[in-house]
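This briefing concerns the chain interface, the surfaces facing the DNA and the strand pairing of the structure shown below.

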Protein chains: 2
Amino acid sequence: MTETPAGRPTLETVARVAGASRATVSRVVNGSVTVRPDVAESIRRAIAELGYVPNPAARSLVTQRTDSIALILPESATRVFSDDAFFPGVIRGVGEALEKADKQLVLLLASTQSSHDRILRYVHGRTVDGVVLASMHGADTLPEELRAAGVPVVTSGRPLGEATVPYIDVAHASGVRAAMKHLIGLGRHRIATISGPQDMVAGRERLAGYLTGLEALPGAVPLIEEGDFMRQSGIDAMERLLERDAGIDAVFAASDLMADGALRTLRRLGRRVPDDVAVIGFDDVEAARFTDPPLTTVHQPIHEIGTRLAEQILRLAAGEAVEASVVLPTRLMIRESA
Amino acid sequence: MTETPAGRPTLETVARVAGASRATVSRVVNGSVTVRPDVAESIRRAIAELGYVPNPAARSLVTQRTDSIALILPESATRVFSDDAFFPGVIRGVGEALEKADKQLVLLLASTQSSHDRILRYVHGRTVDGVVLASMHGADTLPEELRAAGVPVVTSGRPLGEATVPYIDVAHASGVRAAMKHLIGLGRHRIATISGPQDMVAGRERLAGYLTGLEALPGAVPLIEEGDFMRQSGIDAMERLLERDAGIDAVFAASDLMADGALRTLRRLGRRVPDDVAVIGFDDVEAARFTDPPLTTVHQPIHEIGTRLAEQILRLAAGEAVEASVVLPTRLMIRESA
DNA sequence: ATCATCCGAGAGAGCGCTCTCACGAGTCGC
DNA sequence: GCGACTCGTGAGAGCGCTCTCTCGGATGAT
C-alpha cells in the first residue's frame, strides 16, 4: 500500500505514480478512449493502488454539475410520514432510479414555512442539478419559484392552478370511476363517498371521479363527507354519512386509511361489510390486505411514480425535453370489502 | 435589478459592485465581525441586489467540508419502507436536526449488495462530513469499513458484534421487562412471546427482555415463536403458539405489526382480548391506537432517535468526542389489549 | 525522401472560494 | 512626538479538477 504523505491522493499523485500527466489521468478517469491502452492500464493500476477517488467539489466547480438531485417533501411535518406509504414509496422509487444513474439524492424536508426560503437559497446555490417536488398541497408557489430560478423541476402530482412545470401523476378519476362501476355492477345504488381534502389535487380528482361515476346511476344523488385522508377522519365521516342516510349500501373512500376508518364505524354500528355496505378505498397500501374484511381498493403504482420522477428530472437535467405530464394508470384491486 | 452579463454573480461581482475586495465580501458572507459596519452594510446590499449565493463546490474545495451528512439505509429494499413507521420517523428526526444546523441530508439507499461498494466509494470521495447508519441487520461490515475510511460514523441501534462505532439505541430489554411486569401484575402466568428475527439486535434484546421478565414468574417456562417483525409472521406465530399451548393467557409480540397479526389470529380462533389473552406489542406505531382492541405497547422515541443521531454526527464531524452509546428510554403505553 | 495529416499526451489556465500574510492608518503609552 | 500596537482591508496563493490548446511523433500521400 503506497501511502502518500499528504493525505488523500489527488490526480497529481496518480499522475506522478503512473508517470503520466494530470490531463491523461483525468481522461482515464472520465473514460476517454483516446488514451493508449498500456498507459491507461498503468494509470488504472495507480488509481487502484492509491485508492484514488475524484474530489467531487473540484469536479463540479469546473463542470458546473453536481450529479445530485434534490427531493423536496413540503408536507406538514406531522403528515409526511404517517403510516401512509406514499412518500416512503416515492422516495424508494426515486432513490433506486437515481442510484442506477449514479446520481445522489438530497432530501429536503420542508416542514416549516421558513424552510421555503432555505430551499430557494439552497437551490440557487446550484448544489443540485434538478429538483423533484413531491408537492401535494394546494397552490404552492414553490414550483413556480424554482422554475424561475432556472432549475429543472418535476413535480409529483399535478399542481393546483397553472401547471407550468412537468409532472407525474396517476389517473385518479379513472381509477375511481372503475371503483364506482364495480359498485354499481354489484347492484348498489346508494353510494356515498368520503372525500379527501379539496385543497389537494388528489382529493379533488378522486371526488370528480366519484361524481362522474355516479352519473351512470340514474337519479342518484351525491352523498359526500370530507376527510383529511387519515384514519380518524374516515371513522368520523362514516358516522356523519350514516346519520344523513341510514340506507347507504356502498361507500368509496378517497384513501385506504379513511376506508379502514369507515370499516370500523360500520362494524361498530352493526353493519356487515360487504353484505350491508360495500367499501372501496384508494391507494392500495400494505395494510389494505389486512383490514377486516380485506379492502377492495384502487391501486396506484407508487414505486413507479418515483422512478418516473427520477427519469424525467434526469432527462431535464441533461438538457433534454420531457413531456409536460405523465399520467400513470391505476387499477382496481378486488378483495372482499366490495 | 442589476444583471451581470456572465451568468450568476460570484464573490468578484459582489466585490466590484460594493467597491470592496473579494476577501472582505467573503468576510461578510461568513459573518466575520472585523468589518467596518458601513462597508458590511453596502456589501450586504450588493449581495441582496445581485441575489448572490455562494458556490458550495468552490467553498468546500477549500474548506474540505461539505456541510452535508449521509443517511444510509442498508435494509433490503422491500422492507425499508413497509408500513413500519421506524425509518420514516428516523429520517424526519435526522432531517429536522440537520436543518437546524443548516446541513444537508443525503440519502443513500443501500438496497442491493452492489451498493455496498458504491457507498464506500462515495464516502471516500468525501462528499459528506459524516455518516449516519441505520443498520438493523446482523454483523454488517459497513460500520467498520466506514470507520476505517476515516469518516465520522454513528449507527442507529447497537451493532451486532464488536461495537466500534458510537451508536444510539433504545432500551429494548427494559421496555419489554416493563411489559412483562404489567402482564404478571394482571395475574397472567402462561405468557408467550412472538420474537423478532435473531440476526437483529432489536430482535435479540427484546427476546432477552422477555426471558428475564419471565423470571419473576416462579416456574414459568418460556414459550417462543419467531417472526420477522411483519404482520403475517405474527398471524402465523400466534397460531403455532396456540397449537403448542392452548392455555396461553398473554403474549408479548416484539413488534406492533406482529401484535396486530396475533390479535387477528386470536379473534379468528374465538379468543377474547384481553379477557382470555392479553397482548402487548412493541414500537407504538400510529396504527397501534387503531387495532381492535387498541394495543398496549412499548413506546420508543423514534423521532428522538433521529435527532440524537444527527446531534452526535454533527459533533463528531466538528471534531468533538461523543459518548460511545446513548440509550434512550422506552415506556409502556397501556391501552386496552392488556 | 518530403510534406501534410492525424492522434495521443502534456502544459496551463481557470472554475469560485477561503485564508494567510502584509500593509496602511489610526491609537496608545511614555 | 515617536515607536509599538491594533485593526480593518487587500493581494495573492492555492484547493483539485476539467478542458482547450499546443506539440511531437508516427503515418500516409506524392
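How many bridges join strand β9 (residues 278-283) of chain B to strand β10 (residues 296-299) of chain B, and do these strands run parallel or antiparallel? Four bridges join the two strands, and the strands run parallel; here two strands pair if DSSP finds at least two bridges between them, and helices (H or I, at least four residues) and strands (E, at least two) are DSSP runs numbered from the N terminus.

The model is predicted: local features need pLDDT of at least 70 and side-chain atom pairs count only at pLDDT 80 or more, whereas totals for chains, interfaces and linings use all residues. Residues are numbered from 1 along each chain as its sequence is written, and chains are lettered from A and ligands numbered from 1 in the order in which they are written.

**Relation of the two protein chains**

- A turn of 180° with a shift of 0.1 Å along the axis lays chain A on chain B with an RMSD of 0.1 Å, the copies being superposed by least squares on the C-alpha atoms of residues with pLDDT of at least 70 in both.
- That is the relation of a two-fold axis.
- The same surface serves both copies, as 97% of the contact residues of chain A recur in chain B.

**Interface between chains A and B**

- In chain A, 38 residues are in contact with 37 residues of chain B, a contact being a pair of residues whose C-beta atoms, placed from the backbone, lie within 7 Å.
- On the side of chain A that touches chain B, two or more residues come from each of α4, α5 (77-80), α6 (86-100), β2 (104-109) and α7 (115-124) of chain A.
- The largest share of that side, six residues, belongs to α6(A).
- By class, that side has 18 nonpolar, twelve polar and eight charged residues; Ala, Val, Leu, Ile, Met, Phe, Trp, Tyr, Cys and Pro count as nonpolar, Asp, Glu, Lys and Arg as charged, and the others, Gly among them, as polar.
- β2(A) pairs with strand β2 (residues 104-109) of chain B in the antiparallel sense over three bridges, and A:Leu107 stands opposite B:Leu105.

**Surfaces near the DNA strands**

- DNA strand C is surrounded by 25 residues, of which A:Arg36, B:Thr10, B:Leu11, B:Ser26 and B:Ala58 are the closest; a residue is near a strand if its C-beta atom, placed from the backbone, lies within 6 Å of it.
- α2 (22-29) and α4 (56-63) of chain A, with α2 (22-29) and α4 (56-63) of chain B, each supply at least two residues of the surface near strand C, and α4(B) gives the most, with five residues.
- Around DNA strand D there are 25 residues, and A:Thr10, A:Leu11, A:Ser26, A:Ala58 and B:Arg36 come nearest.
- For the surface near strand D, the largest share, five residues, comes from α4(A).
- The surface near strand C divides into 13 nonpolar, eight polar and four charged residues, and the surface near strand D has 13 nonpolar, eight polar and four charged residues.

**Strand pairing within chain B**

- In the pairing of β9(B) with β10(B), B:Asp283 has B:His299 as its bridge partner.
- β10(B) is also joined to strand β12 (residues 331-333) of chain B by three bridges in the antiparallel sense, with B:Leu332 as the partner of B:Val298.
- Strand β4 (residues 153-156) of chain B pairs in the parallel sense with strand β3 (residues 130-133) over three bridges and with strand β5 (residues 167-170) over two bridges.
- B:Thr155 is the bridge partner of B:Leu133 and has B:Tyr167 as its partner in β5(B).

Conventions
Two residues are in contact if their C-beta atoms, placed from the backbone, lie within 7 Å.
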